[in-house]
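Biologist: I would like to learn how to read a model like this one. Please take the features in turn.

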Amino acid sequence: MQYFVVMIDYGRRGREAVVDPEITRREVISRVASGEYQNISFIHEIVESSVEDVTEAILAEAVLPRIPPEDIDLQAIRLDHARDLRKHERT
């Protein structure tokens with residue numbers, strides 16, 4: 001059996017361990033990336049009778065890619081915005 005334990009720290013309100021045997025590693029990463037899991041104390045992966053701290057690995061995988069400002073096409077963004085404005089004016 002394999003499952004993950006995500007310990008969330010709420011400060012003065014205490015801590016909560018989220019344990020769901022049906023959640024996959026991909027789902028844990030997705031929840032961290034979306035912000036559903038915040039203020040994480042640790043993430044442990046339990047496999048049979050062994051425990052591994054996978055906090056750093058999962059946090060690293062959940063980081064959104066950084067796009068350098070020079071790679072952002074501002075003209076395309078402006079044209080998309082203008083198109084959206086026109087589309088909503090018709091309704």
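Modeller: Helices (H or I, at least four residues) and strands (E, at least two) are DSSP runs, numbered from the N terminus. Glu48, for instance, lies in the loop between β3 and β4. This is a predicted model, in which local features need pLDDT of at least 70, side-chain atom pairs count only at pLDDT 80 or more, and totals for chains, interfaces and linings use all residues. Residues are numbered from 1 along each chain as its sequence is written, and side-chain values use heavy atoms, with hydrogens and water left out.

Biologist: Which elements have the lowest and the highest mean pLDDT?

Modeller: Where pLDDT (the predictor's confidence in each residue, from 0 to 100) is low, the predicted coordinates should not be read in detail. Helix α3 (residues 74-89) has the lowest mean, 74, and strand β4 (residues 50-53) the highest, 96. The mean for the protein chain is 85.

Biologist: How do the axes of α1 and α2 cross?

Modeller: Two packed helices are described by the angle and the distance between their axes. Here the axes of α1 and α2 come within 8 Å and cross at roughly 65°. Axes are lines fitted to C-alpha atoms, for helices over the stretch in contact (heavy atoms within 4.5 Å), and angles run from 0 to 180 degrees between N-to-C directions. Residues including Val28 and Val32 in α1 meet residues including Ile58 and Leu59 in α2.

Biologist: What is notable about phi of Glu48?

Modeller: Most residues other than glycine have a negative phi. Phi of Glu48 is near 55°, a positive value. Asn39, in the loop between α1 and β3, also has a positive phi, near 50°.
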